[in-house]
Amino acid sequence: MNRGLKKIFCPRKVYHCLCRRARGPFGTAPAEEISQKKTRFTARKKNKFRPLSESVAKKMFLVIDCACEQRLLFGFIPDMSGTAGFTATDPEIAAQLYGRQNRYLKQVERALGIRIGSNGLALNFTGDASQVVIGRRVFEELEQLLKEGLPLYPPDVDYAVRIICEDSSICLRDIFLDTVFISARKKLIGPKTLAQKTYIDAIRSHHVVFGIGPAGTGKTYLAMAMAVAALLRKDVSRILLVRPAVEAGEKLGFLPGDLAEKVNPYLRPLYDALFDMLEPEHAKELVAKGTVEVAPLAFMRGRTLNDAFVILDEAQNTTIEQMKMFLTRLGFGSQAVVTGDVTQVDLPDRQRSGLLHATEVLTGVTDIYFNFFTDVDVVRHPIVQSIVQAYQAADSRKLRDLRHV
């Protein structure tokens with residue numbers, strides 16, 4: 001790029017110029033048109049505007065064409081070839097659907113890289129044709145949910161976009177209206193992604209279900225909700241929440257108190273989930289009576305668990321022997337859910353994870369189901385999804401480098 005072009009090259013100004021002169025997906029202009037009608041670009045220099053020469057303008061178009069194809073200078077410039085419209089049927093529903101100050105419209109714009117214009121109840125979608133179709137379908141599906149009486153929150157819009165991007169034929173009603181449990185705070189607990197819906201359906205139809213995936217995908221929380229719902233329906237007589245007492249990469253030393261008090265810090269996350277779903281007094285009463293038992297994995301040896309809903313959390317930190325011991329504790333009328341993240345193994349001395357071993361040994365066994373989650377299924381703060389993706393990319397690069405060694 002010559003010296004003069006560097007001085008006036010402003011992506012924002014060039015992009016707006018391209019939009020006015022768009023002739024194709026990248027907004028290029030024929031060279032003969034430039035020669036016939038002199039194109040003027042302006043640049044601010046010493047508070048004065050100076051028209052550029054025709055030769056510099058031609059060079060600028062050449063640079064822009066290369067930049068648009070390789071996406072090096074601007075990043076992604078949306079293809080403005082697709083348009084679609086949508087009109088809400090009711091003003092009150094439209095107010096909830098579009099959000100305060102069109103907040104939800106902006107969310108969908110950022111997620112899909114399209115433009116959404118609003119005029120009263122009507123929306124106009126402009127951008128890449130496939131993304132425009134997804135955007136319109138998102139609002140059609142969310143409108144149906146609002147008509148069903150389901151409240152709409154900002155995370156729900158993001159979940160809807162993810163689901164329809166993954167499968168445009170899916171009906172959001174089948175997922176969002178599948179309420180597993182209503183907490184003491186009147187919070188509806190149910191699936192928010194396709195993998196979560198599959199996970200819940202698998203728990204309903206299988207005696208042993210493995211939920212494997214990154215942090216924040218709802219593996220343990222949904223299993224807890226299913227367990228509490230089964231207890232209140234009297235499908236089971238008790239709930240057992242089990243977790244291996246493995247330190248996460250640091251030595252805590254000797255903890256004070258009796259045996260129960262020593263292992264209690266390791267089991268605190270399970271108590272948190274339980275108290276989030278039930279009234280504190282009710283939860284304490286269930287724990288005191290033994291109806292809900294929270295125990296370390298080591299306490300399971302030699303027991304037979306009948307008529308129970310058993311959840312093994314952080315299963316990636318079990319050894320092969322411990323996993324086998326746990327799975328063989330199940331008695332009549334019981335079911336088990338095993339959850340874990342195979343990327344966060346804290347076992348000492350590089351021992352092999354019992355969860356990884358189980359995926360190899362038990363695949364194909366009748367009445368055992370493996371449900372895998374990805375970063376798309378993260379339902380915590382949006383930054384968690386970005387963190388998971390960054391670590392996965394780093395692990396992939398490390399694995400690729402090792403293969404080349």
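Colleague: What volume does the second largest pocket have?
Modeller: The second largest pocket has about 540 Å³. A pocket here is an open set of points for a 1.4 Å probe on a 1 Å grid over the protein atoms alone, with protein on both sides within 12 Å along at least five of seven lines; its volume is the space filled by probe spheres set on the points, joined across faces, edges and corners. This is a predicted model, in which local features need pLDDT of at least 70, side-chain atom pairs count only at pLDDT 80 or more, and totals for chains, interfaces and linings use all residues. Residues are numbered from 1 along each chain as its sequence is written, and side-chain values use heavy atoms, with hydrogens and water left out.

Colleague: Cool, which residues lie nearest the centre of that second largest pocket?
Modeller: Asp341, Val342, Thr343, Gln344 and Asp395 lie nearest its centre, out of 23 lining residues (those with an atom within 4 Å of a point).

Colleague: And which helix gives the largest share of that lining?
Modeller: That's H16, with nine residues. Helix H15 (354-361) and H16 (382-404) each supply at least two residues; helices (H or I, at least four residues) and strands (E, at least two) are DSSP runs numbered from the N terminus.

Colleague: Now the largest pocket, how much space lies in there?
Modeller: About 1,000 Å³. Its lining has 37 residues, and Lys187, Gln196, Gly218, Tyr221 and Val379 are the ones nearest the centre.

Colleague: Which elements give two or more residues to it?
Modeller: Helices H8 (154-166), H11 (219-232) and H12 (259-277) do, along with strands S7 (188-189) and S12 (335-340). H11 contributes the largest share of this lining, at four residues.

Colleague: Changing topic: in what order do the strands of the open sheet run?
Modeller: There are six, ordered S10-S9-S11-S12-S8-S13, with parallel pairing. Two strands pair if DSSP finds at least two bridges between them.

Colleague: Why do S10 and S13 each have one side without a neighbour in the sheet?
Modeller: S10 (292-296) and S13 (368-372) are the edge strands and have a single partner strand each, so one side of each is left without a neighbour there.

Colleague: Staying with S10, how many bridges join S9 to it?
Modeller: Five bridges link S9 (residues 238-243) to S10, and the two run parallel. If you want a spot to click on, Ile239 has Val292 in S10 as its bridge partner.
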